[in-house]
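Work through the exercises below with the sequence and the model open beside you. Try each task before you read its solution.

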Amino acid sequence: MLLGNLRKDICQYSQKMLIDKLVVGPFGNISAREGDMITITPSGMDYEDLEPEDIVVLDLGGRSIEGDLKPSSELAMHTYIYEARPDIQAIVHTHSTYATALACLGRGIPVFHYVVVLLGGAIPLARYATYGTKALAENVLNALGKTHKVAILENHGAIAVDKTVKEAYQSAVVLEHVAEIYLKAQAIGEPTILSPHQIEEVKRQFKSYGQAKPKS
Ligand SMILES: [Zn+2]
């Protein structure tokens, strides 16, 4: 089976996406790339029933290489991002509740909490276009630019991109977390925004965050 490990990852995280309530029903999609090939969730299938063989393999032009099912209806959005961002190897697209609530208000998220800095800075809003279209793919790519790890899709949902399915998935979870805090804080007042100096301090601090890998 081509791209077997990536297809297993996608299958596992698709089911997790449902359990973690980042999507309902068949909405949302996950893809990963290796070389000139991408592998993506099939269109309109319940995630509970997914098997690695169901995850479709295509070239970057969207031509089928392996798998009998039709690829996700958002294939163009995925291939567009892979072509423009060589640093990206995995994409997770969700309709998570709080991020999508902001999407329906036409709002991104400012740097009101230091964790937003770790997602690449103020979270951009990709302008609305019909799902599955090239216009939406262009709007999402414009919003992500060259550095953002996440974006909110106006009147639609959210997207997270990274080097692995696991990392992109984590960013999707963190995005939903900050979206929830932002909406709850806004229900009471206007959240304070970090200053450029405070943001720089977070970036400096982040360089020394986490566990150093033990030397073998
Ligand atoms: Zn969607």
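**Exercise 1: the zinc site**

H93 is buried, because its relative accessibility is 1%, where buried means under 20% relative accessible area, exposed over 50%, and partly exposed in between (1.4 Å probe, protein chains only). Before going on, note that this is a predicted model, in which local features need pLDDT of at least 70 and side-chain atom pairs count only at pLDDT 80 or more, while totals for chains, interfaces and linings use all residues. Residues are numbered from 1 along each chain as its sequence is written, and side-chain values use heavy atoms, with hydrogens and water left out.

Task: find the protein donors of the zinc ion and describe how they are spaced in sequence.

Solution. Begin with the atoms: the protein donors are H93 (NE2), H95 (NE2) and H156 (NE2), which lie 2.1 Å from the zinc ion. Donors here are N, O and S atoms within 2.8 Å of the metal (3.2 Å for Na, K and Ca), and water is not among the atoms, so sites may look incomplete. Next, read the donor residues along the chain, where the spacing is H-x1-H-x60-H. Finally, turn to accessibility: H95 counts as partly exposed because its relative accessible area is 25%.

**Exercise 2: the two pockets**

Task: describe the volume and the lining of the largest pocket, then those of the second largest pocket.

Solution. First, the term: on a 1 Å grid over the protein atoms alone, a pocket is an open set of points where a 1.4 Å probe fits, with protein on both sides within 12 Å along at least five of seven lines, and lining residues have an atom within 4 Å of a point. A volume is the space filled by probe spheres set on the points, which are joined across faces, edges and corners.

The largest pocket has a volume of about 440 Å³. It is lined by 16 residues, of which L118, K149, D162, S171 and F206 are the closest to its centre. Looking at elements, which are DSSP runs numbered from the N terminus (helices: H or I, at least four residues; strands: E, at least two), we find that α4 (114–118), β8 (157–162) and α6 (165–186) each supply at least two lining residues. The largest share, four residues, comes from α6. By class, the lining has eight nonpolar, two polar and six charged residues, with Ala, Val, Leu, Ile, Met, Phe, Trp, Tyr, Cys and Pro counted as nonpolar, Asp, Glu, Lys and Arg as charged, and the others, Gly among them, as polar.

The second largest pocket has a volume of about 270 Å³. Its lining has 15 residues, and those closest to its centre are P26, F27, G28, S73 and Y131. By class, this second lining divides into five nonpolar residues, nine polar residues and one charged residue.

**Exercise 3: D162 and V165**

Task: for D162 and for V165, state the element, the accessibility and the contacts made with residues beyond four places in sequence.

Solution. Start with D162, which is placed in strand β8 and is buried, because its relative accessible area is 9%. Contact means heavy atoms within 4.5 Å. Not counting residues up to four places away in sequence, D162 touches I88, Q89, A90, K149, E167, A168 and S171. The C-alpha atoms of D162 and I91 are 6.7 Å apart, although 71 residues separate the two along the chain.

Then take V165, which is found in helix α6 and is buried as well, with a relative accessible area of 4%. Leaving aside its neighbours within four places in sequence, V165 is in contact with D9, I10, Y13, I30, S31, A32, A90 and V92. The C-alpha atoms of V165 and Q89, 76 residues apart along the chain, are separated by 7.8 Å.

**Exercise 4: the nonpolar cores**

Task: which residues have the most contacts inside the largest nonpolar core?

Solution. A nonpolar core is a set of buried Ala, Val, Leu, Ile, Met, Phe, Trp, Tyr and Cys residues joined through side-chain atoms within 4.5 Å. The largest one has 43 residues, and M17, I109, I123, I152, L175 and V178 have the most contacts inside it. The largest share of this core, nine residues, comes from α6. Apart from it lies another core, of 23 residues, including L75, A137, V140 and L153.
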